[in-house]
Amino acid sequence: MRRSFAELSALRHRISLPIAKKAFGELEGAHQSLLTGSGEDFDDLAAYRPGDNVTRIDWKASARAGYPIIRRYLRQTNMSVMLAVDTGAAMQATSPSGESKAEIAADIIDVVAYLSHARSDACGLVTITDGEVEQLPARVGTHHVELLRHHARRALKTAGGDERLETVLARLDALVRRRSIIVIITDAYAFSDRAAAITKRLAVRHNVVMLQVSDIDPEQLAGCQVRDIQVGLYPHFVFRDAQVRAQLARELARRRAEVAERISHLAIPTTRVGGRDDIVPALERLVDVRAKGRAS
């Protein structure tokens, strides 16, 4: 079920400004960059260079140094937000909340796009639809946000295939040159070595955060008829067997540990999302991750 703009507006009030600011690297649109000549917050002193604003010359410091010295300030600039959306087959699986992982990913996109819009940040999208890479450049405005949400949902409805995240990240790496906030929305069990290598390159030039949508706990499958996204429909009695569920749990834990190991080397804020109601808490967890300087 798609969130309305009214729902998103109400949701904005649940996400305090400090949470959004810290979780997405000052997402509210007042990103600080070191530039001379404007802004209000003093940063440091530096030697005057031709072209610098002469009104910023600090005459006392210049007299002490024997050459012109200017005062440098932090200027407020806007930073674009780019959504990298995984539409691999795993996104069609079920989350711990019982909701489709694709539905949860779509809701995360809604929240991030709306927060960007509310704070005057341009927001863009790179994903795969019907096997083709689709990109929307970062722009502002209500119409653009609605277009982005529509394209994202259409892409997630056609989720399937392998290595889709790697393709999306590679396109982002080639496309986005200006420093931006990259929000990766993906599965919790399918982050390859190649995806990690591309993400590492992105993290050198951009602020990167990752939200992983979790799979359902095998213990929740007891007595259920289960359809695997790759294998197909299992007989209804299979997951009544505690040993089968335990074996599946071990396999998922192994895959999750492999992915966690790859991500730990990237040192980017990362958290898992288990359902629609977990999206806001996930943003709060990203605050804690960022404060600790490591992925959770």
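**Entry 1: helix α8**

I looked up which residues of α8 are buried, and found Arg245, Leu252, Val259 and Ile263. The model is a predicted one, so I read every value below as computed from it. I then asked what covers these buried residues of α8. The cover includes β8 (207-213) and β11 (270-273).

Next I checked the length of the helix. Helix α8 runs over residues 242-264, which makes 23 residues. From first C-alpha to last I get 32 Å, close to the 33 Å expected at 1.5 Å a residue.

**Entry 2: the protein as a whole**

I noted the overall figures before going on to single pairs. The protein has 296 residues, and 47% of them count as buried. I find nine helices and eleven strands. The accessible surface is about 14600 Å², and carbon and sulfur atoms account for 51% of that surface. I also looked at contacts between residues at least 6 apart in sequence. Of these contacts, 75% join residues at least 24 apart.

**Entry 3: Ser100**

I asked where Ser100 sits, and whether it is buried or exposed. Ser100 is in the loop between β4 (81-85) and α4 (101-118). Its relative accessible area is 19%, and the cut-off for buried is under 20%, so Ser100 counts as buried. Leaving aside residues up to four places away in sequence, Ser100 touches Met91 and Ala93.

**Entry 4: salt bridges**

I counted salt bridges and have 14 in the structure. I went through three of them.

The side chains of Glu146 and Arg149 form a salt bridge, with N to O at 2.6 Å. Both residues are in helix α5 (residues 142-157), and they are separated by about one helical turn because they are three residues apart. In an α-helix there are 3.6 residues a turn, so residues three or four places apart point the same way. I then compared the burial of the partners. Arg149 is buried, at 1% relative accessible area, whereas Glu146 is partly exposed, at 28%.

For Asp173 and Arg201, I find the closest N and O atoms of the salt bridge 2.9 Å apart. This pair links distant parts of the chain, with Asp173 in helix α6 (residues 164-175) and Arg201 in helix α7 (residues 193-205), 28 residues apart. Asp173 counts as buried at 13% relative accessibility. Arg201 is partly exposed, with a relative accessible area of 42%.

The third pair took me back to α8. Asp193 forms a salt bridge with Arg262, and the closest N and O atoms are 2.6 Å apart. Asp193 lies in helix α7 and Arg262 in helix α8, so this salt bridge ties together parts that are 69 residues apart in sequence. Asp193 counts as exposed, at 54% relative accessibility. Arg262 is partly exposed, with a relative accessible area of 22%.

Last, I asked which residues are joined into one network by salt bridges that share partners. The network holds Asp107, Asp110, Glu146, Arg149, Arg153 and Arg276. Glu146 and Arg149, the pair noted above in helix α5, thus both appear in this network.

How values were computed: Residues numbered from 1 in each chain as written. Predicted model: local features only at pLDDT ≥ 70, side-chain atom pairs only at ≥ 80, totals over all residues. Heavy atoms only, no water. Helix = DSSP H or I, 4+ residues; strand = E, 2+ residues; numbered from the N terminus. Buried < 20%, exposed > 50% of the residue type's maximum accessible area, 1.4 Å probe, protein only. Contact = heavy atoms within 4.5 Å. Areas by Shrake-Rupley, 256 points an atom, 1.4 Å probe, with all protein chains shown as cover. Expected span 1.5 Å × (residues − 1). Salt bridge = Lys/Arg side-chain N within 4 Å of Asp/Glu carboxyl O.
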